[in-house]
Amino acid sequence: MGGPRRLPRRVYERELLRLQEQLMVLQEWVRTEGARVAVVFEGRDAAGKGSTIKRVTEYLNPRVARIVALPAPSDRERTQWYFQRYVEHLPAAGEIVLFDRSWYNRAGVERVMGFCTGQEYRRFLHQCPIFERMLVEDGILLRKYWFSVSDAEQERRFRSRLDDPMRRWKLSPMDVESISRWEEYSRAKDEMFVHTDIPEAPWYVVESDDKRRARINMISHLLSTIPYREVERPRLQLPDRPPSKGYERPPRDEQTYVPDHAATLVR
């Protein structure tokens, strides 16, 4: 049996807009109350994390909500405490931080691809719950989402990226490798959950074979877990434009303008 049928576009777009309006309310509450929100997005390659993050942040103020997607660690960072480079990206008061992958790289790709030692991996499983309890105890609202996609749907998305020049950059050799290591990644994920699915910071699984449902379900759940409220904002009013004091704009030929490419489209 297959999963639920794809959410109709009209239903999806209507509900997405409603949820995005609520995200705006959440944002203002976070800014006003000085709350700190950290949201971790993890899951299989091509599971829909990036597209969901895009919908979450579409209308948010980038000074309040920012995305953290760190590259591979530098030689210096490899010698630091593993969590150190993530700490500096944690939210300060009035901020929402969305981690497009996170410290859980060590429990996933690093574990499966052999980029860390067995000792480093075991140390991570021991320290991660301690680290996250410290964040929660300090008042950070930490939410962790695992995007789950079937092997057939993942492969379909990979193949679609091969044929799409606008999305081909999303497909890396590491993604291709994940197909042949499907079961290894599954076992790594299961072991990760055993050690890090803790009451203070539980994992929430998002079924993502239907990206529309995944986005709606994830955003709706995030909003339901944070006790935000509508904050009254000061009403702004545009002033009357003052009379001219004799300013004259410089001649156009004294400045360099961008060519009117748009005009060529309607000739």
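In this report, Lys and Arg count as positive and Asp and Glu as negative, while His and the chain ends are not counted. On that basis, the mean positions of the 47 positive and 41 negative charges of the chain lie 3 Å apart. The model under discussion is a predicted one.

**Overall architecture**

The chain contains ten helices and five strands. Its C-alpha atoms fill a box of roughly 75 × 50 × 45 Å, taken along the principal axes. Of the contacts between residues at least 6 apart in sequence, 80% join residues at least 24 apart. Buried residues make up 39% of the 267 residues of the chain. The accessible surface amounts to about 17100 Å², and carbon and sulfur atoms account for 51% of that area.

**Two residues in their settings**

The table sets out the location and accessibility of two residues.

| Residue | Location | Relative accessibility | Class |
|---|---|---|---|
| Methionine 24 | helix 1 (residues 9-33) | 33% | partly exposed |
| Aspartate 45 | loop between strand 1 (36-43) and helix 2 (49-57) | 16% | buried |

Methionine 24 belongs to helix 1. Together with Leu17 and Tyr59, Met24 makes a nonpolar surface patch of about 280 Å². Methionine 24 counts as partly exposed because its relative accessibility is 33%, and this class lies between the limits of 20% and 50%.

Aspartate 45 is placed in a loop, between strand 1 and helix 2. Its relative accessible area is 16%, so aspartate 45 is buried, the limit for that class being under 20%. Leaving aside neighbours within four places in sequence, aspartate 45 is in contact with Arg101, Val149, Gln154, Phe158, Met174, Asp175 and Ser178.

Terms used. Residues are numbered from 1 along each chain as its sequence is written. This is a predicted model: local features need pLDDT of at least 70, side-chain atom pairs count only at pLDDT 80 or more; totals for chains, interfaces and linings use all residues. Side-chain values use heavy atoms; hydrogens and water are left out. Helices (H or I, at least four residues) and strands (E, at least two) are DSSP runs, numbered from the N terminus. Buried means under 20% relative accessible area, exposed over 50%, partly exposed in between (1.4 Å probe, protein chains only). Contact means heavy atoms within 4.5 Å. Accessible areas come from the Shrake-Rupley method with a 1.4 Å probe; for residues, only the protein chains shown count as cover. The place of a charge is taken as NZ of Lys, CZ of Arg, CG of Asp or CD of Glu. Patches are made of residues with over 30% relative accessible area and no salt bridge: like charges are joined within 9 Å, nonpolar side chains (Val, Leu, Ile, Met, Phe, Trp, Tyr) within 5 Å. A salt bridge is a side-chain nitrogen of Lys or Arg within 4 Å of a carboxyl oxygen of Asp or Glu.
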